[in-house]
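Good morning, colleagues. Please take a moment with the sequence and the structure before I describe a few selected features.

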Amino acid sequence: MLTREPLRLAFLGCGFITQVHSRHLKGFRSHITCSYASRDRAKAEEYCRRFQGTASFADYGAAIDDPRIDAVVVAVPPRFHVELTLRALAAGKHVLVEKPAFPRMEDYRAVIEARNQAKRVVLVGENDHYKPLAVVLRKLVAEGAIGDMVFAHFTTIAKRLKRADDWRNDESMAGGDAFFEEGIHWLHIAGSLGPRIVSIDGYRPSVSREGPDTRAKSMMVAFRYDNDAVGSLYYSREIPSLFRGLRLSKLYGRKGIVTFESNGLFVLARGNGVPRLVFPGFRDIRGYQAMYRDFHEAITNGHAPQMSLERASEDQRLMDGVYSSVQRTA
């Protein structure tokens, strides 16, 4: 439960993802108040009006330095995440930093040290950790619904190309290609089921530079868990899919199989007894509301959030393994 004490939050950046967060926070207005900062004053004022915010700021520093602000959401391209996170911690603010949080493992170490010195909460905005689908999958694996896991297969394929002027086309801004910027969600889910991924390799097909979206947009990942199960992840943002994103993934075990729609629409567990069809939940299907509850409670109660820097650095370890293997085979 959220407490009655409102958390005074400032968004650093007024782009698409800030709109997404703000929409999901509408039901929390008595517990979390929002302000907006942008390098474009008019844009900050527009977001403040649209989402019924409490204040707007003409630059990020003004929001960070304002004593009325308790916490900031770093919602700008990854290139600026480390700088703004460290500045916010130095100013005594709690931080929710959008994923992917940082491009290098040494960045995580620097921010962990700064967090510890500031005694503040830092949550990495991996909303997929909190979404109902992920919660159900972790529960099914933990209770032995499929017995010993043998295979894990994840598919996230859709044709969703970016415009030529999208900052994600600039790897110096995004931190990497499409898999680094967005595939991190599925790398996290694969690594958060319970068993730990101990070895991983990435395989990138030929890169198409046609059209406005010039990034590498596809990756296949193979990995092994510490229980000797093996898995694969197929990621693409250039392949057409049914209904522009409907796809199936599976967990295979020696006692059963879990089939699930990758977006979280349904889960079918087949094993001993009657098959179970589960609808994880549509109200918070992407996990943003649960993520903010965790952020608020971690600040209020003084404990680490579920998506701590330490947990996110485990995802970075996997990402580093993917790209080091891609470079070896290139």
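**Strand pairing and a covered helix**

Let me begin with a single pair of residues: Y36 stands opposite S56, which belongs to strand β3. Please bear in mind throughout that this is a predicted model.

The two strands concerned are β2 and β3, the latter covering residues 55-57, and they pair in the parallel sense through three bridges. Between them the chain passes through helix α2, residues 41-50, and this β-α-β crossover is right-handed.

What lies on the other side of the pairing, so to speak: to which strand is β2 joined by six bridges? That strand is β1, residues 7-12, and β1 and β2 run parallel. Within this pairing, A10 has S35 of β2 as its bridge partner. Here too the unit is right-handed: β1, helix α1 at residues 16-24, and β2 form a β-α-β arrangement. As for exposure, β2 spans residues 32-37, and five of its six residues are buried.

I turn now to helix α6, residues 132-142. Its buried residues are P132, L133, A134, V136, L137, R138 and L140. Which elements contribute to covering them? The cover includes helix α8, at 178-191, together with strands β11, β12, β13 and β14. After α6 comes G144, with a positive phi near 75°.

Finally, strand β14, residues 276-278, contains L277. This leucine also takes part in a nonpolar surface patch of about 410 Å², made by L265, L277, F279 and F282. Thus β14 helps to cover the buried residues of α6, while its residue L277 contributes to that surface patch.

Key. Residues are numbered from 1 along each chain as its sequence is written. This is a predicted model: local features need pLDDT of at least 70, side-chain atom pairs count only at pLDDT 80 or more; totals for chains, interfaces and linings use all residues. Side-chain values use heavy atoms; hydrogens and water are left out. Patches are made of residues with over 30% relative accessible area and no salt bridge: like charges are joined within 9 Å, nonpolar side chains (Val, Leu, Ile, Met, Phe, Trp, Tyr) within 5 Å. Accessible areas come from the Shrake-Rupley method with a 1.4 Å probe; for residues, only the protein chains shown count as cover. A salt bridge is a side-chain nitrogen of Lys or Arg within 4 Å of a carboxyl oxygen of Asp or Glu. Helices (H or I, at least four residues) and strands (E, at least two) are DSSP runs, numbered from the N terminus. Buried means under 20% relative accessible area, exposed over 50%, partly exposed in between (1.4 Å probe, protein chains only). Two strands pair if DSSP finds at least two bridges between them. A crossover is right-handed if, with the strands pointing away from the viewer, the path from the first strand over the helix to the second runs clockwise. Contact means heavy atoms within 4.5 Å.
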